[in-house]
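Thank you all for coming; I would like to walk through one model this morning, and I will try to be careful about what each term means. Please have a look at the sequence and the fold before I begin.

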Amino acid sequence: MKMDNLLSVAQAVDLVLEYAGNFGTERIPLAEAGGRILQQVVRAERAQPPYDRVMMDGIAFRSGSGPVLVVHGTQRAGAPGQPLPEGNACLEVMTGAVLPEGTDTVVPVERLVRDGRQITFEAGYQPHAGQFIHRRGSDCAAGTELLLPGLRLNGPALAVLACNGYAEVEVSRIPSIGIVSTGDELADVEGPVQDWQIRRSNEYAIIGALTSRRFNRIEQSVVSDDLAETIVALREQLQRHDVLVLSGGVSMGAFDHVPKALSRSGVEKVFHKVAQRPGKPLWFGVGSEGQRVFGLPGNPVSAVSCAIRYVMPMLLAGQGLSRPEPYMVELDAETEQSATLVRFLPVRIRHDASGCALATPCPMPTSGDFSFLAGTDGFVELPRGEGVAAAGTHAVFHGW
């Protein structure tokens, strides 16, 4: 295939997202919902705050009373509001308490002078009516939409759910993902490794990317470079999972059986090969029951880069998370471009004194060299271009 006929990265991403579909929803306990994608509208159970709320430890009284006030009791947090007696009376109040009936002003304890039950204000202090009172409904009214579908549930969102009585929450279902490593050269992480073998590593890079994004329904498997065995294995995996991510076997070698095995397993090819480096042999297709299938190149840098650029956006879109705005960084050194291919370039990120995100290029010698990839934060996506991209060039960053 000529370079001019290859899909661009943008075209390939758009095609993948067209098939993202929807993985459905499930209801889970609130305590398990951190990091999940919300799939319901959350409304205020009641006005917030639900009562006029005291904002400072001190006293509450009726403006215009004084100059000497007499303490007639204590209004603590978590107790029903009590009435204020007539006259120059006040009540001690605690932060978070209901504002006592008949009071309209709170004075902090730091501004008070006390002599037994008698209270005066420090010299020169003049309170004003309504101070240090958090009025009922000033945060939100009952029934207000607070959270909408598509939100990743962070700490504040969980607090909103709890405050409004959501003991269970409807979230996007986590898809079942099968990770299949291919190749006779692969050896297990444990046990001996022969001189002609390499240990299986790609799947662990992919698993790391998945689990850090809360995709934890994963099954690992390995298949040899045999067409018949590959077909049997893929058919079984297609019955078990929503998504398949294969590593290796998608190039042009005599033992690269994955495209043929997928076709014979009922997976329809959407595209094969993208104008990018590394990762040009990337394969994507859809199974007969809607399974999304990725064939990633076998070289480690290619595999993990393609997983980040294509697999993760599809999974997030299938959970109803809208496509995020690109995160732009600035190169702090010049780096080589490709006239024909988008370049995925590993970088380290730092910030200058003004807070600008700067990317230091960390090119790997080849897409098979990944021993020092863990020292990078992700990669930038350099568009096609002649010569070098100068320091100061802006590029889209994708984190590992």
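Which residues is Gln237 in contact with, leaving aside its neighbours within four places in sequence? They are Gly178, Val180, Glu219, Ser221 and Leu244, where contact means heavy atoms within 4.5 Å. Gln237 sits in helix α4, residues 227–240, and with a relative accessible area of 5% it is buried; here buried means under 20% relative accessible area, exposed over 50%, and partly exposed in between, using a 1.4 Å probe and protein chains only. Helices (H or I, at least four residues) and strands (E, at least two) are DSSP runs, numbered from the N terminus.

I should say at once that this is a predicted model, in which local features need pLDDT of at least 70 and side-chain atom pairs count only at pLDDT 80 or more, while totals for chains, interfaces and linings use all residues. Residues are numbered from 1 along each chain as its sequence is written, and side-chain values use heavy atoms, with hydrogens and water left out.

Now the overall layout. The chain is divided into domain 1 (9–24 + 174–319), domain 2 (27–46 + 141–172), domain 3 (53–134) and domain 4 (328–399), with bounds that come from an automatic or database domain assignment. Between the C-alpha centres of domain 3 and domain 4 the distance is 61 Å.

Let me turn to the pockets. On a 1 Å grid over the protein atoms alone, a pocket is an open set of points where a 1.4 Å probe fits, with protein on both sides within 12 Å along at least five of seven lines, and lining residues have an atom within 4 Å of a point. The largest pocket holds about 590 Å³, a volume being the space filled by probe spheres set on the points, which are joined across faces, edges and corners. Its lining has 21 residues, and Arg309, Pro313, Arg323, Pro324 and His398 lie nearest the centre. Domain 1 and domain 4 each give at least three residues to this lining, and helix α6 supplies the largest share, 6 residues. By class, the lining has 13 nonpolar, 3 polar and 5 charged residues, where Ala, Val, Leu, Ile, Met, Phe, Trp, Tyr, Cys and Pro count as nonpolar, Asp, Glu, Lys and Arg as charged, and the others, Gly among them, as polar.

The second largest pocket, at about 400 Å³, is lined by 29 residues, with Glu185, Ile198, Asn202, Gly298 and Asn299 nearest its centre. Its lining divides into 8 nonpolar, 14 polar and 7 charged residues.

Finally, the salt bridges, each a side-chain nitrogen of Lys or Arg within 4 Å of a carboxyl oxygen of Asp or Glu; the count comes to 12. Arg309, which we met at the largest pocket, pairs with Glu381, the closest N and O atoms being 2.6 Å apart. Because Arg309 lies in helix α6 and Glu381 in strand β26 (residues 378–382), this pair ties together parts that are 72 residues apart in sequence. Arg309 is buried at 13% relative accessibility, and Glu381 is buried too, at 17%.

By contrast, where do the partners of the Arg350 and Asp332 salt bridge lie, whose N to O distance is 3.3 Å? Arg350 is in strand β24 (residues 342–351) and Asp332 in the loop between β22 (327–331) and β23 (335–336), 18 residues apart. Arg350 is partly exposed at 41%, as is Asp332 at 25%.
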